[in-house]
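The following exercises ask the reader to work from atomic geometry to statements about packing. Each task is followed by a solution in steps.

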There are 2 protein chains.
Amino acid sequence: MTTSTADLAETIEESALLTPQFNADGLIPAITTDAASGVVLMLAWMNAEALNKTIETGQAWYWSRSRRRLWHKGATSGQVQQVEELRIDCDQDAVWLKVRVGGDGGCCHTGRVSCFYRRIVAEPGGPMLHRQSGALPQSG
Amino acid sequence: MTTSTADLAETIEESALLTPQFNADGLIPAITTDAASGVVLMLAWMNAEALNKTIETGQAWYWSRSRRRLWHKGATSGQVQQVEELRIDCDQDAVWLKVRVGGDGGCCHTGRVSCFYRRIVAEPGGPMLHRQSGALPQSG
């Protein structure tokens, strides 16, 4: 029995089977949004173990590419991410987590709510970055 | 004059200069959300040219990894994405587009509004995918 490329795509896109398509490094990108506000908090990466732990525990686990190890987000900072919903895309090579953030509500290592605190703006001399409000309510 | 790793990180994270950190394939992941609803529509990739065209034209351009060519989203389908806001993250290796979708309002090649139309649900026998409502209003 052979399976055509079209059959395989159909299976990945329409079936109820979780078959994540990890990249050559064994990773899949994970988009994390705030479940209440819809703000994109971060883009991180998961390996199979991080994805499984996220599903099993209901908290976000990632693979830290810089530290090359599994990363339980918030384990030290208290910024634990409770997963309200976890989704996967059509070709199963990206996931989307809607989360509630614990601790001080922050996400970014720079101390902001979201990692996406700068807007790219087209200017006559070329694109520039404009900082948006992104400080934590508690921070000075 | 030397620049330390910490200085470089500080520059990338805090300056107003756009210095996208493309990966080994010359690509950066792009998260696209609906500007009105906040729904994550897709995760795609941009090379430098796609990012520049997106900034210059105010419409979303990507790099199609499967077709290996620049991709003006909606050029044939009418599902053009007007960029209301473009953001970049702390380490400048991911961008976030808030868009208004033209044509029939769809985004996914499967005919749905968003590519993220399945939820991952932990079940006793292991995780399964549950389809969520994601059909276009106009579709049968």
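**Exercise 1.** In this predicted model, determine whether Trp96(A) and Phe116(B) are buried or exposed, and classify the geometry of their rings.

*Solution.*
Step 1. Both Trp96(A) and Phe116(B) are buried.
Step 2. The ring centres of Trp96(A) and Phe116(B) lie 5.9 Å apart, and the angle between the planes is 80 degrees. Planes over 60 degrees apart count as edge-to-face, and the pair Trp96(A) and Phe116(B) is accordingly edge-to-face.
Step 3. Trp96(A) belongs to strand E6 (residues 95-101) of chain A, while Phe116(B) belongs to the loop between E6 and strand E7 (118-121) of chain B; the pair therefore joins two chains.

**Exercise 2.** State how many aromatic pairs are found over all chains, and classify the pair Tyr62(A) and Trp71(A).

*Solution.*
Step 1. Searching the whole structure gives five aromatic pairs over all chains.
Step 2. For Tyr62(A) and Trp71(A), the centres are 5.4 Å apart and the planes stand at 50 degrees, so this pair is tilted.
Step 3. The relative accessibility of Tyr62(A) is 0%, so Tyr62(A) counts as buried. Trp71(A), at 23%, counts as partly exposed; the cut-off for buried is under 20%.

**Exercise 3.** Which rings have the charged end of Lys53(A) or the residue Lys53(B) over them?

*Solution.*
Step 1. In chain A, the ring is that of Trp61(A), with the charged end of Lys53(A) 4.7 Å from its centre.
Step 2. In chain B, Lys53(B) lies over the face of Trp61(B), 4.7 Å from the ring centre.

**Exercise 4.** Show on which side of helix H2 of chain B the buried residues lie, and identify the elements they pack against.

*Solution.*
Step 1. Helix H2 of chain B comprises residues 48-57, and its buried residues are Ala50(B), Leu51(B), Thr54(B) and Ile55(B).
Step 2. These residues cover an arc of only 135 degrees around the axis, which puts them on the same side of H2(B). An α-helix has 3.6 residues a turn, so residues three or four places apart point the same way.
Step 3. The buried residues of H2(B) pack against strand E7 (118-121) of chain A, and in chain B against strands E2 (40-46), E3 (61-64), E4 (69-72), E5 (81-88) and E6 (95-101).
Step 4. Just after H2(B), the backbone of Gly58(B) has a positive phi of about 75 degrees.

**Exercise 5.** Repeat the analysis for helix H1 (residues 5-14) of chain A.

*Solution.*
Step 1. Ile12(A), Glu13(A) and Glu14(A) are buried in this helix.
Step 2. Their arc around the axis is only 165 degrees, which puts them on the same side of H1(A).
Step 3. The cover over the buried residues of H1(A) includes E7 and strand E8 (128-131) of chain B.

**Exercise 6.** Describe the surroundings of Thr32(B) and Ile31(B), both placed in strand E1 of chain B.

*Solution.*
Step 1. Thr32(B) counts as buried because its relative accessibility is 0%. Ile31(B) also counts as buried, at 0%.
Step 2. A polar contact of 2.7 Å links the side chains of Thr32(B) and Tyr62(B).
Step 3. Beyond four places in sequence, Ile31(B) touches residues of both chains, among them Ile31(A), Phe116(A), Val95(B) and Leu97(B).
Step 4. Ile31(B) and Trp96(B) are 65 residues apart along the chain, yet their C-alpha atoms are separated by 4.7 Å.

**Exercise 7.** Which residues touch the most other members of the largest nonpolar core?

*Solution.*
Step 1. The largest nonpolar core has 70 residues, and those in question are Val95(A), Val95(B) and Leu97(B).
Step 2. Leaving aside neighbours within four places in sequence, Leu97(B) is in contact with residues including Ile31(B), Thr32(B), Thr54(B), Tyr62(B) and Val83(B).

**Exercise 8.** Locate Ser114(B) and identify the backbone oxygen close to a polar atom of its side chain.

*Solution.*
Step 1. Ser114(B) is in the loop between E6 and E7 of chain B; its relative accessibility is 8%, so Ser114(B) counts as buried.
Step 2. Ser114(B) touches Val39(B), Val40(B), Leu41(B) and Cys108(B), with residues up to four places away in sequence not counted.
Step 3. The oxygen is that of Val40(B), which lies 2.7 Å from a polar atom of the Ser114(B) side chain.

Notes:
Residues numbered from 1 in each chain as written. Chains lettered and ligands numbered in written order. Heavy atoms only, no water. Buried < 20%, exposed > 50% of the residue type's maximum accessible area, 1.4 Å probe, protein only. Helix = DSSP H or I, 4+ residues; strand = E, 2+ residues; numbered from the N terminus. Arc of directions from axis to C-beta. Contact = heavy atoms within 4.5 Å. Phe/Tyr/Trp six-rings, centres within 6.5 Å; stacked < 30°, edge-to-face > 60°. Lys NZ or Arg CZ within 6 Å of the ring centre and 35° of its normal. Polar contact = N/O pair within 3.5 Å; in protein donor to acceptor, adjacent residues only side chain to side chain. Core = buried A, V, L, I, M, F, W, Y, C linked by side-chain atoms within 4.5 Å.
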